[in-house]
Amino acid sequence: MSAPPSDRCPARLAQVRGALGRSDLDALLVTSLPNVRYLTGFAGSNALVVVTPLDCLLFTDFRYATQVAAEVSPAVTVHIEPASLWKGVWGRLPACAGVARVGFESAHLLHQDFARLLEQGSRWQWRPTTDVVEALRAVKDAGEVAAIEKAVGIAESAWRATVPQLHAGLTERQVAGILERALREAGSEGFPFPSIVASGPQSALPHARAGERVLQRGDLLLVDFGAVADGYCSDLTRTVALGPADSRQREMHAVVAEANRRASGGIRAEMSGKDADALARDYIASSGWGEAFGHSLGHGIGLEVHEAPRLARGADAPLPAGAVVTIEPGIYIPGWGGIRIEDDVLLTATGARVLTTVPRGLMELH
Ligand code: ZN
Ligand code: ZN
């Protein structure tokens with residue numbers, strides 16, 4: 001049994017304070033809700049947080065008065081604001097000693113709120129920051145890995161329940177309904193993203209939505225979905241054939257499966273995201289399908305389904321041990337279809353552990 005998330009908040013706040021000190025900042029205004037959750041334990045939908053040298057202030061509204069008591073770390077001081085959360089910040093921040101230079105999250109602040117900083121907050125110096133909390137979130141602790149494994153398990157049992165129900169004649173949306181019901185029944189808290197169910201030529205669109213197309217015998221069916229457990233996401237993709245696959249479908253699927261196998265088997269912490277991406281990309285290119293793999297190999301998963309680190313051609317930074325990333329090579333041929341096989345992988349100090357276990361071979365449904 002892992003510790004509740006809020007038990008880890010004091011250590012995370014200490015890490016943020018260390019990062020702020022290195023950037024010559026006294027405090028950090030946190031406006032990203034996943035970052036709020038990571039630092040305080042609070043999972044509500046309306047909050048502002050200020051991490052100061054000696055305290056962490058969380059401002060939310062009366063709807064969450066009960067929830068904060070259950071979720072938020074004792075290392076955090078909660079203020080329930082009757083009017084505006086910003087009013088709470090301007091009321092409390094002056095009492096925080098030693099706060100002059102305050103960072104804000106430049107990727108997570110509306111322009112209208114930036115204007116507030118310059119107007120009502122003019123007594124502080126505001127500095128843009130990027131990825132202060134996101135960089136910490138890239139490295140998962142044991143409790144986070146356990147939550148992701150739980151989300152993987154839920155997604156996999158939903159997939160196993162869905163496969164026997166797949167047949168020609170269903171629409172993509174009906175398939176999404178069957179799958180999403182199975183996800184809920186298996187215990188998913190929600191859906192990390194709208195499930196992608198793409199059949200026949202639609203599967204050539206890497207981010208297709210489930211539409212009204214009717215599944216036909218001979219189609220490839222690409223299904224990309226995930227579960228949420230304890231706030232953490234899983235993300236997996238399988239591509240199946242409706243009826244016996246033809247030789248081209250088998251050949252293409254084998255190329256993607258081998259690219260997936262090479263990347264999952266070869267990825268290591270301290271390798272750059274670019275080199276990890278190349279494990280799959282070089283193989284697909286050597287098979288003659290390089291042009292058909294247009295997206296990056298993968299991304300981190302955690303409280304969000306897309307987070308640091310990135311496995312992509314432009315990602316030069318080394319991958320940290322403790323990251324959980326997707327490995328999702330694909331081939332997409334407009335008008336014909338597409339194949340993607342996506343797994344979730346934990347990078348450890350000594351190697352990598354593939355968390356997803358449902359079969360990757362081309363399933364031919366009858
Ligand atoms: Zn996915
Ligand atoms: Zn993904």
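1. Donors are N, O and S atoms within 2.8 Å of the metal, and water is not among the atoms, so a site may look incomplete. This note concerns a predicted model. In this model Asp-235 bridges the zinc ion (ligand 2) and the zinc ion (ligand 1), with 3.2 Å between the two ions.

2. Which residues serve as protein donors of the zinc ion (ligand 2)? They are Asp-235 (OD), His-299 (NE2), Glu-328 (OE) and Glu-342 (OE), at 2.1 to 2.2 Å from the ion. Along the chain these donors follow the spacing D-x63-H-x28-E-x13-E. The pair Asp-235 and Glu-328 links distant parts of the chain, 93 residues apart: Asp-235 is in the loop between strand 10 (232-233) and strand 11 (236-242), and Glu-328 is in the loop between strand 14 (324-327) and strand 15 (330-333). Both Asp-235 and Glu-328 are buried.

3. The zinc ion (ligand 1) has as its protein donors Asp-224 (OD), listed twice, together with Asp-235 (OD) and Glu-342 (OE), at 2.0 to 2.6 Å. The spacing of these donor residues in sequence is D-x10-D-x106-E. Asp-224 belongs to strand 8, whereas Asp-235 belongs to the loop between strand 10 and strand 11, so the pair ties together parts that are 11 residues apart in sequence.

4. Why does Asp-235 count as buried? Buried means under 20% relative accessible area, and Asp-235 counts as buried because its relative accessibility is 3%. Asp-224 is likewise buried, with a relative accessible area of 4%.

5. The geometry of each zinc site deserves a remark. The four donor atoms of the zinc ion (ligand 2) make angles of 78 to 151°, and the site is irregular. The site of the zinc ion (ligand 1) is also irregular, with angles of 55 to 151° among its four donor atoms. Four donors count as tetrahedral if all angles lie between 85 and 135 degrees.

6. Strand 8 and strand 11 also take part in a sheet. This open sheet has four strands in the order 7-8-11-19, and the pairing is mixed. Its edge strands, each of which pairs on one side only, are strand 7 (196-199) and strand 19 (364-365). Strand 11 and strand 19 run parallel and are joined by two bridges. Leu-242 stands opposite Leu-365 of strand 19. Helix 7 (residues 142-162) packs on the sheet, where it touches strand 8 (220-225) and strand 11; the direction of helix 7 makes about 10° with that of strand 11.

7. Strand 2 (residues 48-51) has partners on record in strand 1 and strand 3. With strand 1 (residues 27-30), strand 2 pairs in the antiparallel sense over three bridges, and Val-30 stands opposite Val-49 of strand 2. With strand 3 (residues 56-60), strand 2 runs antiparallel and is joined by four bridges; here Val-50 stands opposite Leu-57. Four residues lie between strand 2 and strand 3, which form a hairpin.

8. How do the side chains of strand 2 point, and are they buried or exposed? Leu-48 and Val-50 point one way, Val-49 and Val-51 point the other way, and all are buried.

9. Finally, the chain is divided into domain 1 (5-136) and domain 2 (142-365). The centres of domain 1 and domain 2, taken over C-alpha atoms, are separated by 35 Å. Contact between the two involves six residues of domain 1 and eight residues of domain 2.

Technical notes:
Residues numbered from 1 in each chain as written. Chains lettered and ligands numbered in written order. Predicted model: local features only at pLDDT ≥ 70, side-chain atom pairs only at ≥ 80, totals over all residues. Heavy atoms only, no water. Tetrahedral: all angles 85-135°; square planar, octahedral: opposite > 155°, others 65-115°. Buried < 20%, exposed > 50% of the residue type's maximum accessible area, 1.4 Å probe, protein only. Pairing = 2+ DSSP bridges. Contact = heavy atoms within 4.5 Å. Axes fitted to C-alpha atoms, helices over the stretch in contact; angles between N-to-C directions. Domains from an automatic or database assignment.
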